[in-house]
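Me: I want to go through this model term by term. Tell me what each label rests on.

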Amino acid sequence: MADAEAASASEIETLFDDVDTDTARLQRYEVDGRTPRAAIKADTSGEIEHAQAQATSQNVAVIPIGGRTMLDLGMPPSRYDLALDLTGLNRVVEYEPDDFTITVEAGMTLADLQRHLAVNGQFLPLDHPRFERATLGGICAVGRGGLRRNSFGGPRDWLIGMRMVKADGTPFKGGGRVVKNVSGYDLPKLFAGSLGTLGIIVELTFKLRPQPASDQIVAVNAPSLEAAMAAAHAAAQAAPFLNGCVVLSPDAAADARGLGAKILHDQPSLLLRANGLESAASEVLSQALNAVRQTGLDGPERTTSAIVETWQAVADLELQTDSRHVRLRVGLPPANLGTAQRILSQQLPDASSWIVAADSGLMFLEVASIDAETIDALRRQLGPLQGRLTVETAPTELKQTINVWGPAGRGARLMHNIKREFDPQSLLNPGRYVDGI
Amino acid sequence: MKTSTPMVQALIDAIGEQAVVWHDDDLLVYEYDGTIDRGNPDVIALPANTDDVVNLIKVANKYDAPVTPRGAGTGLSGGALAVKGGVIIGMNRMRNILNVDAENKTALVQPGVVNLDLGAEAERHGLAYAPDPSSQRACTIGGNVAENAGGPHTLAWGTTTNHVLALELVTADGEVQWIGHETRDEPGYDLVGCVVGSEGTVGIVTQVLVRLVPRPTAVRTMLAVYDSVRQASNAVSAVVASGIVPAALEMIDKMTIAAVEPVLNTGFPLDAEAVLLVEVDGPESQVEAEGARVEGILNRFEPREVRSATDPEEREHLWAGRKGAIGALGQIMPNYYLLDGVVPRTKLPDVLDGVYEIAERYRLPVANMFHAGDGNLHPCLLFDELEPGATERVLDAGGEIMRLCVEAGGAITGEHGVGLEKRDYLPWIFTEADMDTMKSLRAAFGPTENFNPCKIFPKGHGCGEAGHQHAQHQIAKFGPKAFV
């Protein structure tokens with residue numbers, strides 16, 4: 001079967017065991033308007049190995065699927081025959097609390113993992129939208145730090161080991177189960193952020209953190225988004241040990257409230273989070289608030305004990321975009337956020353739902369529509385600020401006309417080489433990644 | 001005096017006579033790093049900038065000569081040894097801190113910058129560079145990147161890979177690539193994550209953008225003295241399990257104290273079996289409260305005493321005994337073999353018992369000074385290489401200790417790298433498929449076969465198996481696989 005585009009559902013059915021070709025059920029695996037011809041729900045690494053060996057030998061294009069929270073990310077796939085659903089792989093493989101490490105299967109959700117760890121007063125320091133659904137395999141495949149990445153880093157910084165299956169079905173691993181390890185190349189880092197283009201992530205080992213004795217959160221209103229950002233920047237500079245420092249535009253604040261956030265009004269808001277021992281968290285927060293006051297913000301401080309709910313609601317905003325709209329993500333050095341925000345609001349006067357992690361150099365915003373020229377122009381203007389703009393979600397028709405990732409830079413040649421080594425037939429998530437990978 | 005070869009002449013033409021070292025006597029200096037093995041380079045080239053590196057690599061490629069990158073030569077896995085001869089590219093002349101951006105907490109440095117110098121420059125801006133290997137007075141950032149170096153303070157902050165944001169790399173085919181991004185927002189694969197820890201086998205790093213971290217407002221260092229290693233290692237496990245993440249948690253045993261004390265006068269009691277160094281940092285109130293809690297835990301394991309220092313000078317004094325430990329071991333025996341096993345932290349007490357048992361069986365004195373909080377052991381076997389059979393005994397014992405770590409669910413190296421020294425042991429933790437995949441990653445970086453050859457992976461054409469009989473011994477004894 002040289003031309004896999006022609007692989008019909010019935011042909012695929014003969015290639016795999018337990019394959020699902022029910023058209024209605026396959027809708028749930030849609031990516032950018034494209035539905036696979038079949039789906040397999042794998043429960044073991046062996047099933048994945050078998051499926052991949054078969055897929056590669058028969059030239060079947062595969063998209064690995066987790067909690068389906070970030071499927072909008074990336075370019076539309078150039079081919080999509082088979083959805084490989086990994087949500088059945090959701091077991092804890094090994095957990096020794098006193099080692100502060102855990103090994104889990106890739107289909108486990110972040111929320112399930114956190115519940116498991118909370119029993120022992122531990123947690124995995126990653127923020128991710130819709131953590132009730134998002135799987136750890138998916139979170140690591142996307143590979144990004146969240147709103148608190150200044151304090152916590154990203155998945156790469158917590159992964160210490162990984163088991164994967166290559167495109168051709170060969171199982172392999174990298175790293176191990178110890179917190180410090182330089183034995184061999186760091187394959188888990190290569191896979192973190194590779195968006196399923198190099199292999200199927202099967203099992204992950206993380207190092208963990210103890211839950212802080214005290215976690216505190218404060219919201220302050222600001223007269224404008226700009227004033228809130230200036231105050232946030234001052235807070236982050238004055239209190240470098242802040243755990244989180246986020247600014248929301250009025251509409252974003254209102255949406256977050258709708259999602260369960262406390263202490264937010266329909267006004268530009270600044271949200272500060274600090275943790276550690278109680279006295280230390282208070283000390284950091286008061287340093288930050290002093291700096292905020294000095295920028296002229298004088299509204300009352302509001303606080304809540306519903307910290308996790310409030311923070312998660314803000315994190316969830318990333319995925320609240322109207323499917324007809326476009327959500328942009330900009331990452332850049334924190335000191336350049338103000339300038340970048342001015343450029344963006346000039347070029348995109350209707351931009352809304354701003355979320356800015358001031359200490360982390362991260363900004364999300366939404367627009368009703370955008371065209372390729374505007375995106376290129378923005379990238380040209382943000383480039384000197386070391387800004388990188390990603391189109392996170394957009395209607396498929398628009399995605400077909402733009403580059404959602406932006407230019408791959410000078411590392412592109414190496415990235416193509418890596419892809420060729422790991423997936424020479426380009427069957428894993430083809431076309432969705434950077435530079436056509 | 002030997003005459004110059006065409007390749008030496010070509011290297012001189014490329015970067016100037018002053019920057020090329022090729023006389024036999026001068027080459028001797030480059031035969032060693034911090035390990036037992038040695039290698040004989042044909043020539044040393046000392047580039048002043050990225051263009052020089054590109055030109056050197058092109059010359060080496062033209063003559064099909066192996067290329068071995070080298071920093072300060074403090075490595076502990078044989079990574080900088082020119083095992084197959086060829087050109088050593090020494091990065092020591094590229095030693096400028098190009099920029100510190102205090103607001104965004106980053107620094108751009110050349111690879112030859114000494115770790116401690118970067119730390120001092122960061123301090124002038126109220127910041128710190130977290131990875132602090134014990135060789136930090138000499139070792140370079142380029143070498144730290146190659147080995148993914150750690151150090152006592154990586155317990156809280158992570159190793160070098162957590163602190164490198166972007167870098168300039170000259171690949172084996174002489175191409176210059178900037179990879180990574182100030183805030184890790186460059187779209188695409190984490191190439192920086194692949195290069196850090198690749199032990200100079202995929203290219204030469206010519207500039208590094210590192211992350212700096214805020215300096216804590218308060219620091220407290222505690223020293224707890226124990227009458228048994230068991231008590232001390234149980235105290236370590238209890239501190240880790242308590243949920244406190246100390247800035248550092250180090251153990252030093254009796255043999256180390258015996259070496260350190262007469263030279264450095266750190267005040268470690270000579271008859272103690274083990275001392276722990278525990279450091280907590282952060283805001284003032286945090287340090288006070290956490291310090292008290294740690295002290296409480298240390299006291300549960302019946303220490304002889306617990307001392308505490310917050311004054312920078314006193315703290316420095318306590319640390320001197322840890323950071324100067326390796327150098328001081330020369331007091332006891334002329335040679336040492338330093339291991340780098342890592343185990344799950346709950347396994348620490350049992351594995352330490354095993355280390356002492358193995359050392360005793362091989363009739364070797366062993367000193368332990370290590371990153372207990374990370375489960376990263378550094379047993380240091382002491383010997384005299386002039387004594388017949390001593391080196392072989394040391395290498396055999398070393399293999400057995402590594403095996404012990406692997407069987408406890410650990411790994412063969414936590415921060416020193418696999419290098420030449422441990423490459424034959426890699427199959428103890430990785431299958432053929434694992435290693436083949438790693439090799440395919442290396443291949444993606446270009447024609448890398450001649451780039452730091454004979455490192456990380458077992459075997460390899462022309463790498464000379466004879467020098468590694470000890471490894472073959474151990475592998476024959478235990479079988480090729482353990483935790484794969």
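Reply: Start with contact: two residues are in contact if their C-beta atoms, placed from the backbone, lie within 7 Å. Keep in mind that this is a predicted model.

Me: Which residues are in contact with B:Val275, leaving aside its neighbours within four places in sequence?
Reply: They are B:Leu223, B:Ala224, B:Val225, B:Tyr226, B:Ile252, B:Ile257 and B:Phe268. By the 7 Å cut-off, the C-beta atom of each lies within 7 Å of that of B:Val275.

Me: What makes a set of residues a nonpolar core?
Reply: Its members are buried residues of the listed nonpolar kinds, joined through C-beta atoms within 7 Å. The largest such core here has 294 residues. Those with the most contacts inside it are A:Leu84, A:Val314, B:Val275 and B:Cys405.

Me: Why are B:Met255 and B:Ile257 in helix α9 of chain B called buried?
Reply: The cut-off is 20 or more other C-beta atoms within 10 Å of a residue's own. B:Met255, B:Thr256, B:Ile257, B:Ala259 and B:Val260 are buried, so each of them meets that count. The helix spans residues 254-264.

Me: What do the buried residues of α9(B) pack against?
Reply: They pack against β13 (248-253), β14 (274-282), α11 (312-323), α12 (325-328) and β17 (366-370) of chain B. Just after α9(B), B:Asn265 takes a positive phi of about 45°.

Me: Why is chain A called as compact as a globular protein of its length?
Reply: Its radius of gyration is 22 Å, and the globule rule gives 22 Å for 437 residues. The two values are close, so the label holds. Buried residues make up 57% of chain A. The chain has 16 helices and 19 strands.

Me: How do you know that domain 2 and domain 4 of chain A touch?
Reply: The contact takes four residues from each of the two domains. Their centres, taken over C-alpha atoms, are 28 Å apart. On the domain 2 side, one residue is nonpolar, one is polar and two are charged.

Me: How many residues does each chain give to the contact between A and B?
Reply: Chain B gives 69 residues and chain A gives 65. On the chain B side, α15(B) supplies the largest share, eight residues. By class, that side has 28 nonpolar, 29 polar and twelve charged residues.

Definitions and conventions:
Residues are numbered from 1 along each chain as its sequence is written. Chains are lettered from A and ligands numbered from 1 in the order in which they are written. This is a predicted model: local features need pLDDT of at least 70, side-chain atom pairs count only at pLDDT 80 or more; totals for chains, interfaces and linings use all residues. Helices (H or I, at least four residues) and strands (E, at least two) are DSSP runs, numbered from the N terminus. Ala, Val, Leu, Ile, Met, Phe, Trp, Tyr, Cys and Pro count as nonpolar, Asp, Glu, Lys and Arg as charged, and the others, Gly among them, as polar. A residue is buried if 20 or more other C-beta atoms lie within 10 Å of its own, exposed if 12 or fewer, and partly exposed in between; C-beta atoms are placed from the backbone. Domain bounds come from an automatic or database domain assignment. The radius of gyration is taken over C-alpha atoms; the globule rule is 2.2 Å times the number of residues to the power 0.38.
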